[in-house]
Structure formats: structure tokens, C-alpha cells
Amino acid sequence: MSVESKSQQAYRFIRERIDDGRYVPGYRLVLAQIAGELDVSVVPVREAIRRLEAEGLVTFQKNVGAQVALIKETEYLHTMQTLALVEGFATSLTAPYLTPEQLGRARAINDEMRRTLEDFEPHRFTELNLEFHAVLFEGCPNPHVLDLVHRGWNRMRVLRDSSFSFVPGRARASVEEHERIVELIEQGADALEIELAARQHRTATLDAVLAYQADHKPASAPAPQAVAT
């Protein structure tokens, strides 16, 4: 059995933290700090960073250093747009079949999400967010639609989606929108009204993240000025 090199150890250490959300998109990777945690020099950490950069998981900017890559804007956009459509539809199809106990479970999860706002941890909030929505869509009577919803959520995991790490202020609004969706279902609202509420809830997060991305794009290099002759 081959012994893991220091560079491989550093790579695995960083990659695991990116994958499980401890290092969120935009998180700055301080080489000396990581080297200290691993009790190695910065050389293998630098090698690991270069490997992660080649994989598109890390970016390097002058005067900023290495940081976990921001989600690719177009990929995130397409996934969230699709998920908004299919999850909204799945929620409306499931709504007539949800029992008072299930709605109570959804509300209990949402209450827990509300409590996390005081000591906000994006990864945990995102886990609870999936639990909440799963209560509302897992009973979807159309298995093809449900499969598309599952694919959308799985794709978001690949994108390391903890959208709320970008826009923590969006979390509070999200909790209130959850309450509104549950109320609509309890009231027996029209299926289209429920679908649109669930869809708009998703696109509101999308809009907030894209606005953040636009505000935090690295400045482009200034165009060279013509020299007067």
C-alpha cells in the first residue's frame, strides 16, 4: 500500500472541506494556516492548491490569493431556473395529498431554520432547507417530475450549493416564504398559486446570488491607453 504524499494529504484535506461546505465559495485559503494544521511546509499545500485550481475548484487572484471558486454563473443559473420550475410543479401536485402531520413537520423544520438565524451557519441552514422542501415534494404523484427534482438538488450539491453563504440576509426572507407556502397548502389554495409561490421562492434566491456574483466579479484589467505621437 502506497504512502500518501504530503501534497496528496493537503489536497484531500482541502478538497474534503470544499465538498462538505466547511470551505464555502469565496473562502480564502491561507497557505500558512493550512500548512500549520497539517504540520507540513507550505510547499505541498501550494502544490495541492495548484491541482485544485486546475480542477476549477480554486481560483487565484492578485492581491487576494487563493480562494474557493465561486459557482459558475451560467451553470448555477440554468440549474436554479430548472429546479424552480420542476420543484414548484412538484409541490403543487403534492399539496392535495399532504396531511396535517406532514405540514406540521414542515413547519417544525422551518421553526428550526428560524432559530439558526441568530448563530448562522450556511451549511446547516441548507441541509434544513432541503428537509423542509422534501416534505412538500417527496409525495409527488408524478414519478418523472419527482426524478427531475431529485436531479436538480443533486446538481446543486455538485455545485457545492450553499447559496446562503453568499447572501446570508436572504435566509430570513426564505424562512418567511416557507411559512407562506405552508399556509397556502393548509388553506387549500389553487394549485397554480402554490406552484408560483414555490417557484418565486426559488428564483428570489437565484436573483440574490447572481446580484452578489455581479458585485464581486474581479475587476478587469484596464485597457491600454494610446500613446500620443
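This report walks through a predicted model of a protein chain, from its overall make-up down to a few single residues.

**The overall picture**

Let's start with the whole chain. It has 229 residues, and buried ones make up 43% of them. There are 10 helices and three strands to find your way around. If you read along the sequence, the order is α-β-α-α-β-β-α-α-α-α-α-α-α. How do contacts spread along the chain? Taking contacts between residues at least 6 apart in sequence, 73% join residues at least 24 apart.

**Where H1 meets H2**

Two packed helices are described by the angle between their axes and the distance between the axes. Here, helix H1 covers residues 6-19 and helix H2 covers residues 31-38, and their axes come within 11 Å, crossing at roughly 110°. Because of that crossing angle, H1 counts as roughly perpendicular to H2. On the H1 side, the contact is made by Gln9, Ala10, Phe13 and Ile14, while H2 brings Ile34, Glu37 and Leu38. Sort these contact residues by character and you get five nonpolar, one polar and one charged.

Just along from H2 there's a residue worth a stop. Asp39 sits in the loop between H2 and helix H3 (42-54). What is the sign of phi at Asp39, which is not a glycine? The phi of Asp39 is positive, at about 60°. For background, most residues other than glycine have a negative phi. Asp39 is also exposed, with a relative accessible area of 70%.

**A cavity inside**

How many cavities of 30 Å³ or more turn up in a search of the whole structure? The search finds two. The second largest cavity holds about 40 Å³ of space. Its lining is made of Glu87, Thr91, His133, Leu136, Ile181, Ala198 and His201. Which helices each supply at least two residues of that lining? They are helix H4 (73-94), helix H6 (122-137) and helix H10 (191-215). By character, the lining of the second largest cavity divides into three nonpolar, three polar and one charged.

**Residues brought together by the fold**

Now for some pairs that are well separated in sequence. The table gives the spacing between their C-alpha atoms.

| Residue pair | Separation along the chain | C-alpha distance |
|---|---|---|
| Tyr97 and Cys140 | 43 residues | 8.5 Å |
| Asp111 and Val175 | 64 residues | 8.2 Å |
| His144 and Ala90 | 54 residues | 9.9 Å |

Tyr97 is found in the loop between H4 and helix H5 (100-116). Is Tyr97 buried or exposed? Tyr97 is exposed, because its relative accessible area is 56% and the cut-off for exposed is over 50%. Leaving aside neighbours within four places in sequence, Tyr97 is in contact with Gln102 and Pro141.

Asp111 belongs to helix H5. With a relative accessibility of 30%, Asp111 counts as partly exposed, since that value falls between the 20% and 50% cut-offs.

His144 has its place in helix H7, which runs over residues 143-158. At 64% relative accessibility, His144 counts as exposed.

Note on methods: Residues numbered from 1 in each chain as written. Predicted model: local features only at pLDDT ≥ 70, side-chain atom pairs only at ≥ 80, totals over all residues. Heavy atoms only, no water. Axes fitted to C-alpha atoms, helices over the stretch in contact; angles between N-to-C directions. Helix = DSSP H or I, 4+ residues; strand = E, 2+ residues; numbered from the N terminus. Parallel < 35°, antiparallel > 145°, perpendicular 65-115°, else oblique. Contact = heavy atoms within 4.5 Å. Nonpolar A, V, L, I, M, F, W, Y, C, P; charged D, E, K, R; others polar. 1 Å grid on protein atoms, 1.4 Å probe; cavity = no way out; pocket = protein on both sides within 12 Å on 5 of 7 lines; lining within 4 Å. Points joined across faces, edges and corners; volume = space filled by probe spheres on them. Buried < 20%, exposed > 50% of the residue type's maximum accessible area, 1.4 Å probe, protein only.
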